[in-house]
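Hi,

Here is the structure I said I would pass on. Have a look at it first, and my notes follow below.

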Amino acid sequence: MAYKWESNIRKVVPYVPGEQPKDKNIIKLNTNENPYPPSKKVSEMVENADFDILKKYPDATAGELVEKLAEFHGLDKSQVFVGVGSDDVLGMSFMTFFNSDKKVIFPDITYSFYPVWCDLLKIPYETIPLKEDFTIDYEEYLGECGGVVIANPNAPTGILLDKEKIIKIIEANPEVIVIVDEAYIDFAPEGSSCLDLIDRYDNLLVVRTYSKSRSLAGIRIGYAMGNPALIKYLNDVKYSYNSYTMNVPSIKIGSAVIDDDEYFKGTISKVVKTREWFTEELGKLGFFVLPSSTNFVFASHKDKAAKDIFQEGKNRGIYIRYFNQPRIDNFLRITIGTDEEMKKLVEFLTDYLK
């Protein structure tokens with residue numbers, strides 16, 4: 001049925017998130033969540049919280065969280081912006097910085113929310129094909145454009161782009177903003193982050209999230225770091241759109257867990273160790289696995305179709321991610337879970353592939 005008013009509706013094809021099954025008995029390896037619980041500082045904060053404060057609006061600046069993040073990263077608070085998960089931060093960044101007639105560019109295989117924001121906000125864009133080995137062809141990002149977005153490490157491939165190549169992209173685009181989405185950087189080798197470049201390049205914005213390495217996907221905390229002028233422009237748009245994006249629990253929890261760096265590094269180490277073991281096991285089973293610097297692997301089997309493996313795993317209560325799109329429709333993205341979960345997945349694969 002068509003409605004008379006539909007011609008005035010802003011229509012987009014929405015981002016499709018991974019399934020969130022209700023059954024707690026399944027092995028859930030489809031949305032890149034951390035398999036380990038968050039820091040105990042979360043429960044300590046909740047136990048000692050003054051819930052009477054919830055009757056008031058939160059601090060619109062989220063000053064406590066901003067200051068904690070700035071201190072943790074060795075920055076000034078004027079260099080930090082926070083939001084409701086990195087999706088909120090990225091969406092606000094697209095709204096703020098991509099405002100020309102020139103095309104914003106990003107890879108054809110990357111975080112699938114990027115083209116959705118462009119369509120929603122009427123931002124012209126172009127996708128740059130990854131090379132045959134699924135690496136980013138940085139030379140294709142050195143021409144004139146309206147902005148650049150690089151997920152590093154990339155998703156869903158998991159591949160890390162060398163920082164020196166990102167520097168070349170930044171230096172080739174001084175008149176536009178270059179966003180480096182570092183959602184998975186904590187699982188990459190030390191020194192891979194572009195954060196140390198923000199004082200050198202005033203057009204660089206680095207975006208992070210609490211959802212992966214800090215085990216807080218459910219509380220929704222993301223942040224960006226960059227030149228104070230970039231952060232000011234982000235806040236100007238935020239305060240013009242929705243001043244109170246961060247609620248009190250998010251601000252308090254986000255501030256508390258920053259102090260537990262030992263636990264943070266410990267869970268990352270466990271995930272990376274399991275990732276390396278699981279990658280070897282997949283190789284023994286006939287999988288081709290792309291080199292991962294994330295908390296997931298991207299793998300394709302030499303004989304069995306990815307869609308069939310995905311469906312049979314789901315039938316057996318093991319959820320992994322399948323993308324029905326060109327070039328990667330025979331790959332599976334598999335989140336790294338606990339050792340026990342990954343061993344059960346290997347057992348299923350061994351049985352299914354024999």
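On to the cysteines: the disulfide count comes to zero. Keep in mind that this is a predicted model.

Why no bond for Cys118? A pair counts as a disulfide when the sulfurs are within 2.5 Å, and the sulfur of Cys118 has its closest cysteine sulfur 12 Å away, in Cys145, which is too far for a bond. Cys118 is also buried, at a relative accessible area of 1%.

Cys194 tells a similar story. Its closest cysteine sulfur again sits in Cys145, this time 16 Å away, so that is too far for a bond as well. Cys194 counts as buried too, with 0% relative accessibility.

The other thing I looked at is strand β7, residues 204-209. This strand is mostly covered, with six of its six residues buried. In a regular strand, side chains alternate between the two faces of the sheet. For β7 both faces are covered: Leu204, Val206 and Arg208 are buried on one side, and Leu205, Val207 and Thr209 are buried on the other. You may want to click through those, Arg208 included, since it is one of the buried residues.

As for its neighbours, β7 pairs with strand β6 (residues 178-181) in the parallel sense, over four bridges. Val178 stands opposite Leu204 of β7 there. β7 also pairs with strand β8 (residues 222-226), here in the antiparallel sense and over five bridges. In that pairing, Val206 stands opposite Met225 of β8.

Cheers

Technical notes. Residues numbered from 1 in each chain as written. Predicted model: local features only at pLDDT ≥ 70, side-chain atom pairs only at ≥ 80, totals over all residues. Heavy atoms only, no water. Buried < 20%, exposed > 50% of the residue type's maximum accessible area, 1.4 Å probe, protein only. Helix = DSSP H or I, 4+ residues; strand = E, 2+ residues; numbered from the N terminus. Pairing = 2+ DSSP bridges.
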